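Please open the model in your viewer and keep the sequence panel beside it. The stops below say what to select and what to look for there.

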Amino acid sequence: MQHSETSTGDSSLPLEVPSDSLATQSKVLVTVLSAQGLPPFAKAASAPNAVTAFHVSKIRVGIIGCGRIGQVHAQNIAIRVPHAILVAVSDFIEEAAMRVAERFDVPLWYKSAEDLVHDPRVDAVVICSPTDTHAPLMKECVRYGKHAFCEKPIALDLATIDDALATVAQANADLRSLRALPRATAMTSNNREEQAFYEFAQTEHNRRLQRLRQSPAGIQLMVAFQRRYDHNFQRARQTHDAGFVGRPLKLHLVSRDPAPPPIAYLQSSGGIWVDQAIHDFDMARFLLKSEAVSVFASGLALDPAIGELGDCDHVLTQLRFANGALCVIDNSRATPHQAYDQRAELFGSAGSIFVHNVHPNTNEYMDTQGVHRDKPLSFFIERYADAYLQEMQVWVQSLVEGGASAKATSPDSSAADGLTMPIPSGFDGRIAVVMAMAARKSFAEKRPVDIVEVDPSLAPVIRQAEQEAASLGKQ
Ligand SMILES: NC(=O)c1ccc[n+]([C@@H]2O[C@H](COP(=O)([O-])OP(=O)(O)OC[C@H]3O[C@@H](n4cnc5c(N)ncnc54)[C@H](O)[C@@H]3O)[C@@H](O)[C@H]2O)c1
């Protein structure tokens with residue numbers, strides 16, 4: 001394991017330079033990679049032998065943020081995702097990065113997230129740091145040609161999300177407009193070890209650009225909605241796809257945490273709708289296969305500390321979808337029994353599907369008081385353990401395949417027939433935030449809010465969902 005620090009020396013390196021003007025060729029990716037030379041990278045860990053020992057046939061992943069969710073992804077990538085290798089971790093708290101690096105035998109660790117992104121040995125980055133860092137880090141990844149897996153939410157406001165997604169789109173447009181480029185000359189450093197690493201770094205960047213140019217999807221972004229990969233929710237969706245419920249009429253989602261996160265987390269979380277209910281907004285779209293038209297939300301704060309933040313800890317959110325279906329989402333930050341309560345019912349014209357809580361065992365205990373059983377799996381890390389693994393396997397598989405196909409279940413999934421559908425995209429991540437913003441507005445203004453009030457640009461998307469529902473109804 002090596003500690004890596006950013007070089008303070010000369011980082012202006014030779015790179016492939018487009019023969020035409022950079023300004024007309026590229027606005028994002030090539031400018032960064034070509035015009036300014038290589039990004040600064042970690043020379044302290046630059047021993048070429050160590051570098052070349054990295055397994056280049058696998059996707060080399062770096063994780064930013066070694067907290068609760070970062071450790072879940074670190075464990076999966078290090079141990080259970082066949083085509084990935086965890087090569088770097090970073091955390092603002094250095095000891096946290098070191099601990100995770102030690103635990104999972106990760107060769108590089110960083111304090112600075114940017115240093116990790118800049119390291120030429122990292123192909124793809126999992127962003128697990130706090131929400132306000134997601135969009136800037138996503139942009140940084142994209143600028144340096146790195147695929148990104150971004151924890152939810154992308155950001156708390158649409159301007160920031162749109163800016164980040166535009167960077168992804170621009171970089172991929174740049175890639176498509178790139179041609180085979182002549183290589184510039186001149187090495188600036190006289191130090192042989194530095195030169196060797198510069199050479200290596202350049203080769204890596206050139207290889208990366210070439211791979212990205214050849215891949216149908218270019219730089220791939222996945223937003224973390226792991227519940228889509230939970231085998232219970234997948235089975236519900238498959239059953240619905242097969243026509244079992246007929247026309248979907250009502251969806252009930254119950255999603256309650258056993259206990260609230262620390263106040264410090266809540267202060268920057270964006271509130272219960274964008275932080276917690278966002279998973280349910282995505283699940284509602286996933287199960288109803290339509291888009292929300294309007295939202296009515298109400299809530300209360302039982303915990304005065306949460307109330308003082310202007311936030312709620314118990315909320316009900318009612319939505320109407322473009323296919324006519326109604327949805328009620330029931331969220332709590334805490335439960336009196338301290339259980340993680342995750343249930344769903346999809347009720348349709350031909351049948352109902354129930355998704356129940358998952359328990360650690362099937363035992364029942366009978367005594368004079370009645371029949372008892374163990375509480376459901378304790379929290380998201382336990383309840384969605386397999387879903388976190390599945391989502392990571394799907395993302396890595398899709399990177400291996402260059403985005404050619406992205407199945408919602410990984411090849412070794414226990415689900416018999418995996419759903420074939422695109423991985424949750426920037427669009428999916430964005431629309432769930434819009435739904436959360438509409439809920440928040442509805443709560444504040446005590447009235448139903450149309451989605452297009454929050455984001456008029458979604459009008460065509462909703463119209464299309466209405467048209468699809470109308471044409472299905474005629475069949
Ligand atoms: N998909 C899910 O089910 C799920 C579950 C939990 C959290 N999340 C999301 O993941 C993100 C992190 O949540 P968490 O619960 O793991 O938080 P956490 O506080 O447990 O961990 C965050 C870590 O990031 C580190 N950090 C802070 N700033 C950093 C920076 N600039 N660079 C590198 N590291 C930095 C912190 O030191 C901390 O160790 C949040 O956006 C949250 O919404 C998603």
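Does Lys446 count as buried or exposed? Select Lys446 to begin, bearing in mind that the model is a predicted one: with 9 C-beta neighbours inside 10 Å, this lysine counts as exposed. Lys446 lies in the loop between helix H17 and strand S16 (449–450), and its phi, near 55°, is positive although the residue is not a glycine. Most residues other than glycine have a negative phi.

A second lysine with such a backbone angle is Lys289, whose phi is also near 55°. Select the loop between helix H13 (278–288) and strand S9 (292–300), where Lys289 is placed. Lys289 has 17 other C-beta atoms within 10 Å and is therefore partly exposed.

Before going further, show the whole chain as a cartoon, in which 19 helices and 16 strands can be traced. Of the 475 residues in the chain, 47% are buried. Among the contacts with a separation of 6 or more, 72% are between residues 24 or more positions apart.

Next, select Met435 and Ala436, which are the residues with the most contacts inside the largest nonpolar core, a set of 117 residues. Helix H17 (residues 426–445) supplies the largest share of this core, ten residues. Domain 1 (2–223) and domain 2 (226–474) each contribute at least three residues to the core. If residues up to four places away in sequence are set aside, Met435 touches Phe281, Ala292, Val295 and Ile451. In soluble globular proteins, nonpolar side chains tend to be buried together.

Now hide everything except helix H4 (residues 68–80) and helix H16 (residues 385–400), which pack at an angle of about 60° with their axes 10 Å apart. This angle is why H4 is described as oblique to H16. On the H4 side the contact is made by Val72, His73, Asn76, Ile77 and Arg80, and on the H16 side by Tyr388, Leu389 and Met392. Turn the pair in the viewer to follow the crossing of H4 past H16, which is right-handed.

Bring back the other residues and select helix H7 (residues 131–143), which is largely enclosed by the rest of the structure, because ten of its 13 residues are buried. The buried residues of H7 include some with charged side-chain names in the sequence panel, among them Lys139, Glu140 and Arg143, as well as Leu137, Met138 and Val142. After H7 comes Gly145, which has a positive phi, near 75°.

Continue to the loop between strand S6 (147–150) and helix H8 (158–177), which holds Pro153. The bond to display here is the one joining Lys152 and Pro153, a cis peptide bond with omega of about -20°. Most peptide bonds are trans.

The last stop is Cys312, in the loop between helix H14 (304–308) and strand S10 (314–321). Cys312 has 24 C-beta neighbours inside 10 Å and so counts as buried. Apart from neighbours within four places in sequence, Cys312 is in contact with Ile272, Gly299, Leu300 and Ala301. A distance label drawn from C-alpha to C-alpha between Cys312 and Ala301 should read 4.4 Å, although eleven residues separate the two in sequence.

How values were computed
Residues numbered from 1 in each chain as written. Predicted model: local features only at pLDDT ≥ 70, side-chain atom pairs only at ≥ 80, totals over all residues. Core = buried A, V, L, I, M, F, W, Y, C linked by C-beta atoms within 7 Å. Buried ≥ 20, exposed ≤ 12 C-beta atoms within 10 Å, placed from the backbone. Helix = DSSP H or I, 4+ residues; strand = E, 2+ residues; numbered from the N terminus. Domains from an automatic or database assignment. Contact = placed C-beta atoms within 7 Å. Axes fitted to C-alpha atoms, helices over the stretch in contact; angles between N-to-C directions. Parallel < 35°, antiparallel > 145°, perpendicular 65-115°, else oblique. Left-handed = near helix turned anticlockwise from the far one by under 90°.
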